[in-house]
Amino acid sequence: MIRLSTLMARAAAAIFLASMLVLAGCHRGASKSDHVSAEQGQFDYTIKAYKSGQFLVDGAVLSAADTGSHFAYLKDQGKLPKTVLVLPSDDSKIRDAHLGFLARMQLDYGFTVYYDKKGELVRLNAVEEKARQLEDTPHKAALPDRMQGKDASSGAYDPQTQQ
């Protein structure tokens with residue numbers, strides 16, 4: 001009888017060890033970032049990161065606010081993409097500012113953002129990423145001297161001065 005109980009204990013320990021090895025083999029070690037291996041053609045929309053937190057959208061350089069406006073236009077037209085791929089451009093890599101702006105857009109418009117992180121596609125987690133308020137380009141063009149101190153509502157329309 002003693003022999004039977006030690007045999008059962010050894011069998012239980014062997015089963016336990018085998019199940020732990022099987023579970024350890026299933027775990028990849030990836031917990032925070034959701035890695036995706038896919039082709040670029042699988043995504044509904046592709047944009048590129050550009051200098052100073054700007055984006056290259058359809059060949060045009062847009063600020064974060066303008067890029068958000070572009071997605072608002074696509075939403076109004078019923079053409080809002082479900083997945084957006086962000087790639088580094090020739091002039092800039094994807095920076096934290098880009099990811100913050102994209103997290104904000106992801107929360108606002110409900111699409112999923114994927115970005116290239118060292119050659120591997122990663123899904124952007126808007127909850128973990130600090131979503132930034134969309135902002136215009138910080139370097140605005142200076143007004144000419146004749147326009148200094150004036151704004152669009154500074155006076156009534158005068159046809160005499162328009163000629």
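## Reading a predicted fold, step by step

Mentor: Welcome! Let's start with one residue: Thr 112 sits in strand β6. Please keep in mind that this model is predicted.

Trainee: Thanks! Is Thr 112 buried or exposed?

Mentor: The general idea is to look at relative accessible area, where under 20% means buried. Thr 112 has 17% relative accessibility, so it counts as buried.

Trainee: And which residues is Thr 112 in contact with, leaving aside its neighbours within four places in sequence?

Mentor: Those contacts are with Lys 82, Thr 83, Val 84, Gln 106 and Arg 123. Thr 83 appears again in another pair: Phe 43 and Thr 83 are 40 residues apart in sequence, yet their C-alpha atoms lie 5.5 Å from each other.

Trainee: Where is Phe 43 found?

Mentor: Phe 43 belongs to the loop between β1 (34-36) and β2. A loop residue can still be covered, and here Phe 43 is buried, with a relative accessible area of 11%.

Trainee: Let me step back to the whole chain. How many helices and strands are there?

Mentor: The protein chain has three helices and seven strands. Reading from the N terminus, their order is α-β-β-β-β-α-β-α-β-β.

Trainee: What share of the contacts comes from residues 24 or more positions apart?

Mentor: Counting contacts with a separation of 6 or more, 68% join residues 24 or more positions apart. As for burial, 26% of the 163 residues count as buried. The chain exposes about 12,000 Å², and carbon and sulfur atoms supply 52% of that area.

Trainee: How should I read the nonpolar core?

Mentor: Look for buried nonpolar residues joined through their side chains. In this model the largest such core has 23 residues, and Ile 47, Phe 55, Phe 71, Val 86, Leu 102 and Met 105 have the most contacts inside it. The elements that each give two or more residues to this core are β2 (45-49), β3 (55-57), α2 (64-76), β5 (83-88), α3 (96-109) and β6 (112-117). The largest share, six residues, comes from α3. There is also a second, separate core of five residues, including Leu 85, Leu 87, Tyr 114 and Leu 121.

Trainee: Then let's look at α3. Which of its residues are buried?

Mentor: They are His 98, Leu 99, Gly 100, Phe 101, Leu 102, Ala 103, Met 105, Gln 106 and Tyr 109. The cover over the buried residues of α3 includes β2, β3, α2, β5 and β6.

Trainee: How can I check the length of a helix?

Mentor: Compare the expected span with the distance between the ends. At 1.5 Å a residue, the 14 residues of α3 should span 20 Å, and the end C-alpha atoms are 20 Å apart, so the two agree. Just after α3, Gly 110 takes a positive phi of about 80°.

Trainee: Which residues other than glycine have a positive phi?

Mentor: Ser 52 is one of them, with phi at about 55°. Ser 52 lies in the loop between β2 and β3 and is exposed, with a relative accessible area of 54%. Asp 58 is another, with phi near 50°. Asp 58 is in the loop between β3 and β4 (60-62) and counts as exposed at 60% relative accessibility.

Trainee: How many salt bridges does a search of the whole structure find?

Mentor: The search finds one. Asp 108 pairs with Arg 104, and their closest N and O atoms are 3.2 Å apart.

Trainee: Where do Asp 108 and Arg 104 lie?

Mentor: An α-helix has 3.6 residues a turn, so residues three or four places apart point the same way. Here both partners lie in helix α3, four residues apart, about one turn of the helix. Asp 108 is partly exposed, with a relative accessible area of 36%, and Arg 104 counts as partly exposed at 25%.

Trainee: Last one: which residues form a nonpolar patch on the surface?

Mentor: Phe 16, Met 20 and Leu 23 do, with about 340 Å² of accessible area together. Phe 16 has its place in helix α1 (residues 2-26). With a relative accessible area of 54%, Phe 16 is exposed.

Technical notes:
Residues are numbered from 1 along each chain as its sequence is written. This is a predicted model: local features need pLDDT of at least 70, side-chain atom pairs count only at pLDDT 80 or more; totals for chains, interfaces and linings use all residues. Side-chain values use heavy atoms; hydrogens and water are left out. A nonpolar core is a set of buried Ala, Val, Leu, Ile, Met, Phe, Trp, Tyr and Cys residues joined through side-chain atoms within 4.5 Å. Buried means under 20% relative accessible area, exposed over 50%, partly exposed in between (1.4 Å probe, protein chains only). Patches are made of residues with over 30% relative accessible area and no salt bridge: like charges are joined within 9 Å, nonpolar side chains (Val, Leu, Ile, Met, Phe, Trp, Tyr) within 5 Å. Accessible areas come from the Shrake-Rupley method with a 1.4 Å probe; for residues, only the protein chains shown count as cover. A salt bridge is a side-chain nitrogen of Lys or Arg within 4 Å of a carboxyl oxygen of Asp or Glu. The expected span of a helix is 1.5 Å times one less than its number of residues. Contact means heavy atoms within 4.5 Å.
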